[in-house]
Amino acid sequence: MADGRGRQTEIGPIVSSAHLADGALPALSELEFGLILAGNAFDRWMVRCMTAAGEPGCAAIDVLVLHSVAHRQRPKRLGDLCSVLGVEDAHLVIYAIKKLEKRGLVTSTRAGKEKLIAATEKGLEICLKYRAVREALLVESVKGLGLDAAAASAVAATLRALSGHYDQAARAAASL
(Lines give C-alpha, C1' and ligand atoms only; values in the text may rest on other atoms or scores of the structure.)
Protein backbone atom coordinates (compact mmCIF):
# COMPACT_ATOMS: atom_id res chain seq x y z
CA MET A 1 0.00 0.00 0.00
CA ALA A 2 1.26 3.49 -0.77
CA ASP A 3 1.33 6.33 1.75
CA GLY A 4 0.37 9.92 0.90
CA ARG A 5 3.77 10.54 -0.73
CA GLY A 6 3.70 7.50 -3.00
CA ARG A 7 6.01 5.38 -0.82
CA GLN A 8 5.18 1.76 -0.16
CA THR A 9 4.23 0.96 3.44
CA GLU A 10 3.61 -2.41 5.08
CA ILE A 11 0.43 -2.44 7.09
CA GLY A 12 0.33 -6.11 7.92
CA PRO A 13 -2.75 -8.11 8.81
CA ILE A 14 -5.94 -6.29 9.78
CA VAL A 15 -6.37 -7.06 13.48
CA SER A 16 -7.92 -5.47 16.56
CA SER A 17 -4.94 -6.22 18.83
CA ALA A 18 -1.47 -6.00 17.33
CA HIS A 19 0.05 -7.47 20.50
CA LEU A 20 -1.89 -10.69 19.86
CA ALA A 21 -0.84 -10.79 16.21
CA ASP A 22 2.82 -10.74 17.26
CA GLY A 23 2.60 -14.42 18.21
CA ALA A 24 3.25 -17.58 16.24
CA LEU A 25 0.05 -17.38 14.16
CA PRO A 26 -0.80 -13.78 13.15
CA ALA A 27 -3.47 -15.03 10.76
CA LEU A 28 -5.44 -16.30 13.76
CA SER A 29 -5.64 -12.74 15.10
CA GLU A 30 -6.85 -11.62 11.70
CA LEU A 31 -9.49 -14.35 11.73
CA GLU A 32 -10.54 -13.39 15.27
CA PHE A 33 -11.02 -9.77 14.22
CA GLY A 34 -13.17 -11.00 11.34
CA LEU A 35 -15.20 -13.09 13.79
CA ILE A 36 -15.70 -10.06 16.04
CA LEU A 37 -16.95 -7.94 13.15
CA ALA A 38 -19.08 -10.72 11.68
CA GLY A 39 -20.54 -11.68 15.07
CA ASN A 40 -21.56 -8.13 15.88
CA ALA A 41 -22.96 -7.55 12.39
CA PHE A 42 -24.89 -10.84 12.58
CA ASP A 43 -26.38 -9.88 15.96
CA ARG A 44 -27.49 -6.49 14.57
CA TRP A 45 -28.92 -8.19 11.50
CA MET A 46 -30.99 -10.70 13.51
CA VAL A 47 -32.46 -7.99 15.73
CA ARG A 48 -33.34 -5.71 12.81
CA CYS A 49 -34.65 -8.55 10.65
CA MET A 50 -36.91 -9.65 13.50
CA THR A 51 -38.15 -6.08 13.83
CA ALA A 52 -38.89 -5.98 10.09
CA ALA A 53 -40.71 -9.30 10.46
CA GLY A 54 -43.03 -7.72 13.02
CA GLU A 55 -41.42 -8.46 16.40
CA PRO A 56 -39.48 -5.40 17.57
CA GLY A 57 -37.55 -5.43 20.82
CA CYS A 58 -36.04 -8.90 20.58
CA ALA A 59 -32.40 -9.46 21.52
CA ALA A 60 -30.15 -11.59 19.33
CA ILE A 61 -30.37 -14.52 21.78
CA ASP A 62 -34.17 -14.35 21.60
CA VAL A 63 -34.05 -14.70 17.81
CA LEU A 64 -31.62 -17.61 18.03
CA VAL A 65 -33.76 -19.40 20.59
CA LEU A 66 -36.96 -18.88 18.59
CA HIS A 67 -35.44 -20.25 15.38
CA SER A 68 -33.92 -23.20 17.24
CA VAL A 69 -37.22 -24.02 18.91
CA ALA A 70 -39.04 -23.77 15.57
CA HIS A 71 -36.46 -26.05 13.88
CA ARG A 72 -38.26 -29.15 12.58
CA GLN A 73 -41.31 -28.10 14.63
CA ARG A 74 -40.41 -30.44 17.51
CA PRO A 75 -40.30 -29.40 21.18
CA LYS A 76 -36.77 -28.85 22.49
CA ARG A 77 -35.26 -29.42 25.93
CA LEU A 78 -33.52 -26.50 27.59
CA GLY A 79 -30.24 -28.42 27.73
CA ASP A 80 -30.44 -29.19 24.02
CA LEU A 81 -31.03 -25.53 23.17
CA CYS A 82 -28.02 -24.49 25.24
CA SER A 83 -25.90 -27.18 23.61
CA VAL A 84 -26.92 -26.43 20.03
CA LEU A 85 -26.46 -22.68 20.49
CA GLY A 86 -23.19 -23.10 22.38
CA VAL A 87 -24.53 -21.12 25.35
CA GLU A 88 -22.80 -22.01 28.59
CA ASP A 89 -25.03 -19.90 30.84
CA ALA A 90 -28.48 -21.52 30.77
CA HIS A 91 -29.95 -18.45 32.46
CA LEU A 92 -29.52 -16.52 29.20
CA VAL A 93 -31.65 -19.07 27.37
CA ILE A 94 -34.18 -19.29 30.21
CA TYR A 95 -34.61 -15.51 30.13
CA ALA A 96 -35.02 -15.57 26.34
CA ILE A 97 -37.66 -18.29 26.65
CA LYS A 98 -39.57 -16.23 29.22
CA LYS A 99 -39.51 -13.21 26.93
CA LEU A 100 -40.64 -15.29 23.96
CA GLU A 101 -43.45 -16.85 26.05
CA LYS A 102 -44.71 -13.37 27.02
CA ARG A 103 -44.82 -12.51 23.31
CA GLY A 104 -46.78 -15.68 22.57
CA LEU A 105 -44.03 -17.05 20.31
CA VAL A 106 -43.15 -20.16 22.33
CA THR A 107 -44.81 -22.29 24.95
CA SER A 108 -43.24 -24.52 27.56
CA THR A 109 -44.46 -27.72 29.16
CA ARG A 110 -43.05 -30.20 31.62
CA ALA A 111 -42.14 -33.77 30.76
CA GLY A 112 -41.12 -35.18 34.11
CA LYS A 113 -38.29 -33.03 35.40
CA GLU A 114 -37.52 -31.60 31.99
CA LYS A 115 -38.93 -28.48 30.44
CA LEU A 116 -39.90 -28.74 26.77
CA ILE A 117 -40.16 -25.60 24.65
CA ALA A 118 -42.17 -25.46 21.43
CA ALA A 119 -42.95 -22.72 18.95
CA THR A 120 -46.53 -21.52 18.83
CA GLU A 121 -48.38 -20.87 15.58
CA LYS A 122 -47.52 -17.19 16.02
CA GLY A 123 -43.87 -18.12 16.57
CA LEU A 124 -43.78 -20.24 13.42
CA GLU A 125 -45.47 -17.42 11.48
CA ILE A 126 -42.85 -14.91 12.65
CA CYS A 127 -40.08 -17.33 11.63
CA LEU A 128 -41.57 -17.48 8.13
CA LYS A 129 -41.82 -13.68 7.97
CA TYR A 130 -38.20 -13.48 9.13
CA ARG A 131 -37.25 -15.91 6.37
CA ALA A 132 -39.03 -13.75 3.78
CA VAL A 133 -37.20 -10.61 4.93
CA ARG A 134 -33.91 -12.55 4.98
CA GLU A 135 -34.46 -13.83 1.44
CA ALA A 136 -35.30 -10.37 0.14
CA LEU A 137 -32.62 -8.33 1.91
CA LEU A 138 -29.72 -10.65 2.66
CA VAL A 139 -29.82 -13.73 0.47
CA GLU A 140 -30.27 -11.78 -2.74
CA SER A 141 -27.33 -9.46 -1.99
CA VAL A 142 -25.08 -12.34 -0.91
CA LYS A 143 -25.98 -14.25 -4.07
CA GLY A 144 -24.66 -11.24 -5.99
CA LEU A 145 -21.21 -11.95 -4.57
CA GLY A 146 -21.03 -15.17 -6.55
CA LEU A 147 -20.23 -17.08 -3.38
CA ASP A 148 -19.78 -20.77 -4.13
CA ALA A 149 -22.12 -22.87 -1.99
CA ALA A 150 -19.47 -25.56 -1.45
CA ALA A 151 -16.94 -22.93 -0.35
CA ALA A 152 -19.46 -21.41 2.06
CA SER A 153 -20.14 -24.85 3.53
CA ALA A 154 -16.40 -25.42 3.92
CA VAL A 155 -16.03 -22.11 5.78
CA ALA A 156 -18.95 -23.08 8.03
CA ALA A 157 -17.32 -26.44 8.78
CA THR A 158 -14.03 -24.70 9.58
CA LEU A 159 -15.79 -22.29 11.95
CA ARG A 160 -17.52 -25.17 13.74
CA ALA A 161 -14.17 -26.95 14.09
CA LEU A 162 -12.53 -23.78 15.40
CA SER A 163 -15.31 -23.40 17.97
CA GLY A 164 -14.24 -26.76 19.40
CA HIS A 165 -10.64 -25.56 19.71
CA TYR A 166 -11.78 -22.36 21.44
CA ASP A 167 -14.00 -24.38 23.81
CA GLN A 168 -11.09 -26.70 24.67
CA ALA A 169 -8.76 -23.75 25.21
CA ALA A 170 -11.39 -22.10 27.42
CA ARG A 171 -11.63 -25.22 29.58
CA ALA A 172 -7.84 -25.34 29.85
CA ALA A 173 -7.68 -21.64 30.73
CA ALA A 174 -10.31 -22.13 33.44
CA SER A 175 -8.04 -24.67 35.13
CA LEU A 176 -5.03 -22.33 35.35
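# Close-up views of the model

**View 1. Glu125 is partly exposed, with a relative accessible area of 44%.** Like everything else in these views, Glu125 is shown as it appears in a predicted model. Its salt-bridge partner here is Lys129, and the closest N and O atoms of the pair are 3.5 Å apart. How much of Lys129 is accessible? The value is 39%, so Lys129 counts as partly exposed. Look at how the two are placed along the chain: both belong to helix α6, and they sit four residues apart, which is about one turn of the helix. Elsewhere, Glu55, Arg103 and Lys122 are joined into one network by salt bridges that share partners. If you want to hunt for the rest, the whole structure holds seven salt bridges.

**View 2. Helix α6 bends along its way.** Now step back from that pair and follow the helix itself. α6 has 23 residues and spans 31 Å from its first C-alpha to its last, close to the 33 Å expected at 1.5 Å a residue. Where does α6 bend? Check Glu135, where the bend is about 40°. Some of the helix is hidden from view: its buried residues are Gly123, Leu124, Ile126, Cys127, Tyr130, Val133 and Val139. What covers the buried residues of α6? The cover includes α2, α3 and β3.

**View 3. The largest nonpolar core has 27 residues.** Met50, Val65, Leu66, Val93, Ile97, Val106 and Tyr130 have the most contacts inside this core. Two or more residues come from each of α2 (26-52), α3 (60-70), α4 (78-85), α5 (90-102) and α6 (121-143). Which helix gives the most? That would be α3, with six residues. There's a general pattern to keep in mind here: nonpolar side chains in soluble globular proteins tend to be buried together. Zoom in on Val65 and you can pick out the residues it touches: leaving aside residues up to four places away in sequence, they are Leu85, Val93, Ala96, Ile97 and Leu100.

**View 4. Ala60 is tucked in among residues it touches.** Ala60 lies in helix α3. Is Ala60 buried or exposed? Its relative accessibility is 15%, so Ala60 counts as buried; the cut-off for that word is under 20%. If you skip residues up to four places away in sequence, Ala60 touches Asp43, Met46 and Val47. For a sense of scale, try finding Val87 too: Ala60 and Val87 are 27 residues apart in sequence, and their C-alpha atoms are 13 Å apart in space.

**View 5. Strands β2 and β3 form a hairpin.** β2 covers residues 106-111 and β3 covers residues 114-119, and the two pair in the antiparallel sense over six bridges. Two residues lie between the strands, and in the turn you'll find Gly112, with a positive phi of about 70°. Which residue is the bridge partner of Ala111 in β3? The partner is Glu114, a residue that comes back in the next view.

**View 6. Arg77 forms salt bridges with Asp80 and with Glu114.** In the pair with Asp80, the closest N and O atoms are 2.9 Å apart. For Glu114 and Arg77, the closest N and O atoms are 2.2 Å apart. What does the Glu114 pair tie together? Glu114 lies in strand β3 and Arg77 in strand β1 (residues 76-77), so this salt bridge links parts that are 37 residues apart in sequence. Each of the three side chains can be placed by its accessibility: Arg77 is partly exposed at 31%, Asp80 is partly exposed at 33%, and Glu114 is partly exposed at 35%.

**View 7. Arg72 and Gln73 both have a positive phi.** You'll find Arg72 in the loop between α3 and β1, and Gln73 is in the loop between α3 and β1 as well. Why point out their backbone angles? Most residues other than glycine have a negative phi. Here, phi is near 60° for Arg72 and about 50° for Gln73, and neither residue is a glycine. Are they buried or exposed? Arg72 is exposed, with a relative accessible area of 59%, and Gln73 counts as exposed at 61%.

Conventions:
Residues are numbered from 1 along each chain as its sequence is written. This is a predicted model: local features need pLDDT of at least 70, side-chain atom pairs count only at pLDDT 80 or more; totals for chains, interfaces and linings use all residues. Side-chain values use heavy atoms; hydrogens and water are left out. A nonpolar core is a set of buried Ala, Val, Leu, Ile, Met, Phe, Trp, Tyr and Cys residues joined through side-chain atoms within 4.5 Å. Buried means under 20% relative accessible area, exposed over 50%, partly exposed in between (1.4 Å probe, protein chains only). Contact means heavy atoms within 4.5 Å. Two strands pair if DSSP finds at least two bridges between them. A salt bridge is a side-chain nitrogen of Lys or Arg within 4 Å of a carboxyl oxygen of Asp or Glu. The expected span of a helix is 1.5 Å times one less than its number of residues. The bend at a residue is the angle between axes fitted to the seven residues ending there and the seven starting there.
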